[in-house]
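User: I am new to this structure and would like to go through some of its features. Please keep the answers short.

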Amino acid sequence: MPIIETKEVTMLLDHIDSPADLKKLPISRLPELAAEIRAVILTKLGAHGGHVGPNLGTVELEIAMHYVFDSPRDRFVFDVSHQSYTHKILTGRREAFTDPAKWDEDSGYTNPNESEHDWFNMGHTSTSMSLASGLAKARDLTGGTYNVVAVIGDGSLSGGEAFEGFDVVGEMGTNFIAIVNDNEMSIAENHGGLYGHLRELRESGGLSRNNIFRALGFDYRYVERGNDAVALIEALGAVKDIDHPVVVHVHTQKGRGFAPAVADKESWHWNGHFDPKTGASTRPAADTDSDGCDSYEDLTGAWLLDRMREDPRVVAITSGTPTVMGFTPELRRKAGKQFVDVGIAEEQAVAMASGIARGGGIPIYGFCSTFVQRAYDQLIQDLCVNGNPAVLLSFDASVYGMNDVTHLGFYDIAMMGNIPNLVYLAPTCKEEYFAMLGWAVTQREHPVAIRVPVYGGVVSRGKPDTTDYGQLDRYEITRRGHDVAVIGLGDFYGLGERVVGALDAELGVKATLINPKFITGLDRDLLDGLQANHRVTVTLEDGQLEGGFGGKIAAYYGPTAMRVKTYGIAKSFPDRYDPDRLLADNGITVPAIVADIRRMLG
């Protein structure tokens, strides 16, 4: 398959500012338009980063949707919406892909603030059917006559909410068009019994009598040539204005038109810093730690694989994001049955981990912080109420993690730090992280979560961590002083070091520095002891301030003479923010903190 040649000026795209302009093109020119769209997508993503494979695979589908339907009157809901770049290009946002000066104007996901053609901010999976069912119900209640179209990828079908949406829509008996984009992939390979059924439908050309969509109350159409705009226009034209729910099952190729993305679909799900002609990386060589690994993900995968070899009870669990915990295809093969991918189903992952722990296994579930929000009920009811000793590893839980409003991961301290029975730990370096992980997989008393460090890559303190984590809620004083105590949680412990240094240099104050390690509990003995020779306590946390760690310290000291100042992110939904700017806006800089302490000391 040839690699697309990119070019700076694209004749057809220059004249398309809306779907109405698209409809003026003869169908015979749509393949040319598709090639131009792929070229500009590759050019932007090579320098800017983004979802490569999903968008290359849906170019013709989204061209056909806008050619047949009448957006924004007809309403499109893209599941996850990370595959909506062609839709954006065709709805007046072309320059966000063709003009480097405007690349950051586009969110990478659908966003109603950008365009009337977008109905929801969407970045988590399996929600399109439910959201679109609401649009269809509102249409019917208000006498509307427009089409409602939900586009859901086959990987998203593994999420429980997708089934709930199909289940409800199948009974509604009204216009609803569900396009199932079947590219035989999630982020990595698909897992679950459903995917054998999709294969059966593909291999039978959609004619198999065993059809889950029909069983749920849908009409059904199959399009094998899912990257053929003509075939798609014919199929979608046949269901436009339909009076009942229908599934249009479209077989596409993830990464279509770009050989590297077709050959390695998992790695090219998201990518950045590559040559759009060859696919070769243009990313600077990453700094590595002394173990030759450049991330906690790599270190975690290697550590867990070693543990699996020693103990057959150990099992690693992922919900569709295996490499977030270091399980590359090679490690997955080596782990065999001791690695489980439940699909994009965080609820299943948490509840399954609880069941494994109850049955005598040792489950370790690794996830991106933003996604475990979807399993809050399971965290409380299925895991912590039962007190089963599963281990949870929260990655990208930081203001320095993902920064799109749909993927924020710094609400975890407020969310998980207040669940009874859960021990939530915040290491500051790799020695602490692996000491905590080693304790978590051997103890059998508590569900344990670990907030994996993010800021600054892999940090080594150069000495082993000998903490007995079985003694819960014991903070560590790393520097003894007086007058001011600085408590730096997890990733913000380094900030605490800088604050203490500045207090000494600028005010002559020898402050106490504390590494709390435990998010979920208070070291009351230590806090009581500080009152003897401290007047001010400062807490620093890399997360939402309201409901967070510092609030517990402030509440504990409330009846006392201790003055407390807490630092964290104000309750908000920042979007595509610069981390340092966001911290500065929240007063989280060394000069600002030192100035506050100066005023508090009088």
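User: Is Ala138 buried, partly exposed or exposed?

Analyst: This is a predicted model, and in it Ala138 belongs to helix H7 (residues 128-142). Its relative accessibility is 35%. Buried means under 20% and exposed over 50%, so Ala138 counts as partly exposed.

User: What distance separates the C-alpha atoms of Ala138 and Pro100?

Analyst: Along the chain, Ala138 and Pro100 are 38 residues apart. In space, the separation of their C-alpha atoms is 39 Å.

User: Which helix gives the largest share of the largest nonpolar core?

Analyst: The largest nonpolar core has 75 residues, and those touching the most other members include Phe327, Leu393 and Tyr433. The largest share of this core amounts to seven residues. They come from helix H19 (residues 430-442). A separate, second core of 50 residues has Leu25, Leu61, Ala64 and Ala261 among its members, but the helix asked for is H19.

User: Which residues does Leu393 touch, leaving out those up to four places away in sequence?

Analyst: Leu393 is one of the core residues that touch the most other members. With residues up to four places away in sequence left out, Leu393 touches Thr300, Ile364, Tyr365, Gly366, Phe367, Tyr433, Leu437, Ile450 and Val452.

User: How many nonpolar, polar and charged residues line the largest cavity?

Analyst: The whole structure holds three cavities of 30 Å³ or more, and the largest cavity has about 40 Å³ of space. Its lining includes Ser158, Glu189, His191, Tyr195, Asp341 and Ile344. By type, the lining divides into two nonpolar, seven polar and two charged residues.

Definitions and conventions:
Residues numbered from 1 in each chain as written. Predicted model: local features only at pLDDT ≥ 70, side-chain atom pairs only at ≥ 80, totals over all residues. Heavy atoms only, no water. Core = buried A, V, L, I, M, F, W, Y, C linked by side-chain atoms within 4.5 Å. Buried < 20%, exposed > 50% of the residue type's maximum accessible area, 1.4 Å probe, protein only. Helix = DSSP H or I, 4+ residues; strand = E, 2+ residues; numbered from the N terminus. Contact = heavy atoms within 4.5 Å. 1 Å grid on protein atoms, 1.4 Å probe; cavity = no way out; pocket = protein on both sides within 12 Å on 5 of 7 lines; lining within 4 Å. Points joined across faces, edges and corners; volume = space filled by probe spheres on them. Nonpolar A, V, L, I, M, F, W, Y, C, P; charged D, E, K, R; others polar.
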